[in-house]
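Open your viewer and settle in for a short walk through this protein. At each stop you will get something to select and a note on what is there.

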Amino acid sequence: MQRVAAAGGKACISKLGRALIRLTWLPGTEVSGKDARDVIRCSNMLVDDAPYAILVNMRELRSLSIDARYVFGGDPRVLAAAFLGSGPMDRVLAAGSELARHPTRFFLSESEAITWLLEHLQEA
């Protein structure tokens, strides 16, 4: 499995399939716009600038800046983003993604999130 560190080591991006990646943050991370831009850059490198779907592990994330939300929601290569969380606070952090240019959805189950992402990849 291909894996790359991003955002100064605060994030790990791994390739789950040809056009499917997972983003995991270190516990307690506060995500800035700069972090988001680096994650997007690394994600696009990992998929060779092809369209992709992303599973974002929101568990234990402390905060997501408005600038970071804007950066993540505006990447034209993202086909769909599934946010994986474990409770209400994670759902609140993911709520800002509703304005993204691609479909987004919050999940408590990783397998359900991956199934949803794979459906979006088949439609593309």
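Which residue in S7 does Val 56 stand opposite? Select Val 56 and look across to S7: the residue opposite is Phe 83. Keep in mind as you go that this is a predicted model.

**Stop 1: confidence**

Colour the chain by pLDDT. The average is 91, and 94% of the residues score at least 70. Among the elements, S3 has the highest mean, 97, while helix H3 (residues 88–95) has the lowest, 69.

**Stop 2: the sheet**

Now show the strands as a cartoon. You should find an open sheet of 6 strands with mixed pairing, in the order S1-S2-S3-S5-S7-S8. Its edges are strand S1 (3–6) and strand S8 (104–107), each of which pairs on one side only. Direction ignored, neighbouring strands are turned by 20° against each other on average.

As background, strands of a sheet pair through backbone hydrogen bonds, either parallel or antiparallel. Step through some of the neighbours here:

- S2 and S3 run antiparallel and are joined by 6 bridges. Select Ser 14 to see one bridge partner in S3, Arg 22.
- S3 and S5 run parallel, with 5 bridges between them. Ile 21 has Ile 54 as its bridge partner in S5.
- S5 and S7 also pair in the parallel sense, over 6 bridges.

Next, add helix H4 (residues 110–123), which packs on the sheet and touches S2, S3, S5, S7 and S8. The direction of H4 makes about 170° with that of S7.

**Stop 3: strand S5**

Select S5 alone and turn on its side chains. Is this strand mostly covered or mostly exposed? It is mostly covered: 6 of its 6 residues are buried. Tyr 52, Ile 54 and Val 56 point one way, Ala 53, Leu 55 and Asn 57 point the other way, and all are buried. That fits a general pattern: in a regular strand the side chains alternate between the two faces of the sheet.

**Stop 4: the nonpolar cores**

In soluble globular proteins, nonpolar side chains tend to be buried together. To see this here, select Ile 13, Leu 23, Trp 25, Val 39, Ile 54 and Phe 72, which touch the most other members of the largest nonpolar core, a set of 28 residues. At least two residues of this core come from each of strand S2 (11–17), strand S3 (20–25), helix H1 (33–46), strand S5 (52–57), helix H2 (66–73) and strand S7 (78–84). The largest share, 5 residues, is supplied by H1.

Zoom in on Leu 23. Leaving out residues up to four places away in sequence, Leu 23 touches Ala 11, Cys 12, Ile 13, Val 39, Ile 54, Leu 55, Val 56 and Asn 57. Apart from the largest core lies another one, of 10 residues, including Leu 20, Ala 53, Phe 107 and Leu 117.

**Stop 5: helix H2**

Move to H2 and pick out Ala 68, Val 71, Phe 72 and Gly 73, which are buried. What lies over the buried residues of this helix? The cover includes S3, strand S4 (30–31), H1 and S6.

**Stop 6: aromatic rings**

How many aromatic pairs does a search of the whole structure find? The search finds 1. Select Phe 107 and Trp 116: their rings form a tilted pair, 5.7 Å centre to centre with 55° between the planes. Both Phe 107 and Trp 116 are buried.

Then select Phe 106, which sits in strand S8. Phe 106 counts as buried because its relative accessibility is 14%, and the cut-off for buried is under 20%. Draw a distance from Phe 106 to Leu 55: these residues are 51 apart in sequence and 10.0 Å apart in space, C-alpha to C-alpha.

**Stop 7: two loops with positive phi**

Most residues other than glycine have a negative phi. Finish with two exceptions.

- Asp 49, in the loop between H1 and S5, has a positive phi of about 60°. Asp 49 is partly exposed, with a relative accessible area of 48%.
- Glu 60, in the loop between S5 and strand S6 (63–64), has a positive phi near 70°. Glu 60 is exposed, at 56% relative accessible area.

Terms used:
Residues numbered from 1 in each chain as written. Predicted model: local features only at pLDDT ≥ 70, side-chain atom pairs only at ≥ 80, totals over all residues. Heavy atoms only, no water. Core = buried A, V, L, I, M, F, W, Y, C linked by side-chain atoms within 4.5 Å. Buried < 20%, exposed > 50% of the residue type's maximum accessible area, 1.4 Å probe, protein only. Helix = DSSP H or I, 4+ residues; strand = E, 2+ residues; numbered from the N terminus. Contact = heavy atoms within 4.5 Å. Pairing = 2+ DSSP bridges. Axes fitted to C-alpha atoms, helices over the stretch in contact; angles between N-to-C directions. pLDDT = per-residue confidence, 0-100. Phe/Tyr/Trp six-rings, centres within 6.5 Å; stacked < 30°, edge-to-face > 60°.
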